[in-house]
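Visitor: I would like to learn how to read a model like this one. Could you walk me through it?

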Amino acid sequence: MATRPVPEMPSARDAVQREESALYDRRILDYIERAAATGLYEIRGLGAKRRLPHFDDLVFLGASLSRYPLEGYREKCTTRTILGTRFAKKPIELDIPITIAGMSFGSLSARVKEALGRAATALGTSTTTGDGGMTQEERASSKTLVYQCLPSRYGFNPDDLRKADAIEIVIGQGAKPGGGGMLLGQKVSSRVAKMRTLPEGIDQRSACRHPDWTGPDDLAIKIKELREATDWEKPIYVKIGATRVFHDVKLCVHAGADVIVVDGMQGGTAATQLAFIEHVGIPTLAAVRQAVEALEELNVKEKVQLIVSGGVRTGADVAKALALGADAVSIGQGILMALGCNSDSYVQGGKHYSAEADYRLLKTASGYCHHCHTGRCPVGVTTQDPVLEQRLEPEVGARRVSNYLKTLNMELTMIARACGKQNVHHLEREDLAALTIEAAAMSGVPLAGTSWIPGVQPT
Amino acid sequence: MVGVTRESAPSSVKFDLRKQSVSELNQFLHGDLTHVATVRVENPDGAHSIAVAIDAPVRIEIAGHAGYYAAAMNQQATVVIEGNAGPGVAENMMSGRVEVAGFASGGAGASAHGGFLVIRGDAGLRCGISLKGGDIVVVGDVGSFSAFMAQAGRIVICGDAAEGLGDSIYEAILYVRGDIRSLGADAVVQPMTAEDIAAVTSLLAAAGIDASAREFKRVGSARKLYHWNADAKQEY
């Protein structure tokens, strides 16, 4: 019998060697390449992209023999949420514990602001102004509007203050605790410039400190001033980027806040230095636990409400935040993605159009884009360009955001019922288990199948 | 109302902060003031947030020292503080007139969008910080970092300015008669034009100050920080 020829195996020496370095991976190579080519730090949009301990590392302990579930179809599960009961005459009443986070007119178009207002009104929740002041589009479309008081005070005025339903004093945001707002010249359009009292087209950097108060003792007086300005009607929120959360939350309580908003490092931005986004601030998971501990230690858990934000994406994320002790969550990036951020297409005049060509112009692709800072958003969300902004139709946007919020709320109630709860606010730490040691340590929830919380002595 | 005396219309109203709260005063001032000409606030004793967010062409006299945020967010009213004022006097003022007979603390006129603030004594740190319109006249000196990030409006300083005057200034214009210990980043002395002379003359007159506009230097933005410049020295 003739022997069949054996195919030649490629020698190890002929194969192309592709040994990746964990330390100098593609991300770092790109970073160094950019730094060497431009001498500039990268500024971009969206929040931290690297993997961090997060809500995904927690799971729920649904009903079993030792816990009784609620029927999904017939038994009610309440999502009603009240914020600002401590001092305000008119607390905020929401139908769902999911709010829309502060994002500026300037970073977003006025059409987007209108879409968000409509969606929030439809779902019975609130929107929040941003570092550019209140637009009439948002006030008209949003039934419950939280008005931010930021270090820059762009557009801040007492008429809008009186029109607001709540006031949010911003000390920092998760994407850049310690940094001020940023809007590059291409987005400082005529209208934006006028609202912010700036020359058109300049690169705007907001102050990072408030102009008329410095420390926590001053903050107490500032909070009282805003109450006096509005005759004690409106709840005062204080928003912090997650750093020294335990101490900051205690100081906020002492300063007289009605509601505290804690924004973890996964929180988004439309323009921030990369080093800030990825390397300053602590994960939302750790921040929630610290905030709740601070409130519990001061015995104000029932009086001062906690809103948590920073990478809240799904109904499960919302449920976990509530179980850890938050009263509500705030969503920014997820809302923009519901509008079409990173989608490969947009809807205009009832038809779908591909946006890929415009992503390519930005040297990116759908699913990978973080170029909010350019103002050239391919789907018309984070832009002031009169042509691009037409790609987001307020009615379409409102419907998509409404759908997204409805889905999150449905998942939230489903999980709560599965844990035997009639009210989503009854979700508790004991309903959770952790999948990793880091998540267990950060969230104060035992590692699944064990009673171990790293750093906590067993009782 | 306890402690309130009314005279013949247009009426003059008195509040005594030893007997009434600042909240009661502010709530009154937020109400219908059509028949009120003057409100006199006695025994302020450094209380905070006196006459905050007023929106009426009424005259308010604070008979003594005010704490933080006196006349903050003022619209249309004329507020006269007969003593000194704490931090943030007339902060975020939109229109109207605020006068401080004595000294003003830090952040006087912070982020004001309009209106006219006169300080007859000295002003502390960060006078006119983040100014967004409106005019400030200081008869005495101003502290460090005055006009920091001032975006629009005018500040007239009859005395001296301390460190870092006009740091990161945008389009606000400063007029200084005395010494400037140091200018902040991007702030430069510029020549006084005929318009500047006219402006200073008018502002001094509005403040009731007898001085010559020609004695003032103009300080404005060199506009080098308007665009992020990677070639600039990064110590800034």
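Guide: We will go from the overall fold of one chain to a helix, a core and a loop. Keep in mind that this is a predicted model.

Visitor: Happy to. How many helices and strands does chain A have?

Guide: Chain A has 14 helices and 18 strands. Its radius of gyration is 24 Å, close to the 23 Å that the globule rule gives for 459 residues, so chain A is as compact as a globular protein of that length. The C-alpha trace spans about 100 × 65 × 45 Å along the principal axes of chain A.

Visitor: What share of chain A is buried?

Guide: Buried residues account for 55% of its 459 residues. As for contacts in chain A between residues at least 6 apart in sequence, 67% join residues at least 24 apart.

Visitor: Let's turn to the interface. How many residues does each chain bring to the contact?

Guide: In general, the size of an interface is often given as the accessible area lost when the parts come together. Here we can count residues: 23 come from chain A and 38 from chain B. On the side of chain A that touches chain B, helix α6 (residues 216–229) gives the most, with five residues. That side of chain A divides into 11 nonpolar, five polar and seven charged residues.

Visitor: How should I read α6(A) itself? Are its residues mostly buried or exposed?

Guide: A general idea helps: an α-helix has 3.6 residues a turn, so residues three or four places apart point the same way. In this case, 10 of the 14 residues of α6(A) are buried, among them Leu219(A), Ile223(A) and Leu226(A), but also charged-type names such as Lys222(A) and Glu225(A). The cover includes β7, α4, β8, β11 and α7 of chain A, together with α1 (22–29) of chain B. At 1.5 Å a residue, α6(A) should span 20 Å, and its end C-alpha atoms are 20 Å apart, which agrees. Asp231(A), which follows α6(A), has a positive phi, near 50°.

Visitor: Which residues have the most contacts inside the largest nonpolar core?

Guide: They are Ala257(A), Ile260(A), Val262(A) and Ala291(A), in a core of 209 residues. Ala291(A) touches Val245(A), Val249(A), Ile260(A), Val262(A) and Leu306(A), leaving out residues up to four places away in sequence.

Visitor: And a loop? Where is Arg429(A) found?

Guide: Arg429(A) is in the loop between α13 (394–418) and β18 (432–434) of chain A. It has 15 C-beta neighbours inside 10 Å, so Arg429(A) counts as partly exposed. Beyond its neighbours within four places in sequence, Arg429(A) is in contact with Ala323(A), Leu324(A), Gly444(A) and Val445(A).

How values were computed. Residues numbered from 1 in each chain as written. Chains lettered and ligands numbered in written order. Predicted model: local features only at pLDDT ≥ 70, side-chain atom pairs only at ≥ 80, totals over all residues. Contact = placed C-beta atoms within 7 Å. Helix = DSSP H or I, 4+ residues; strand = E, 2+ residues; numbered from the N terminus. Rg over C-alpha atoms; globule rule 2.2 N^0.38 Å. Buried ≥ 20, exposed ≤ 12 C-beta atoms within 10 Å, placed from the backbone. Expected span 1.5 Å × (residues − 1). Core = buried A, V, L, I, M, F, W, Y, C linked by C-beta atoms within 7 Å.
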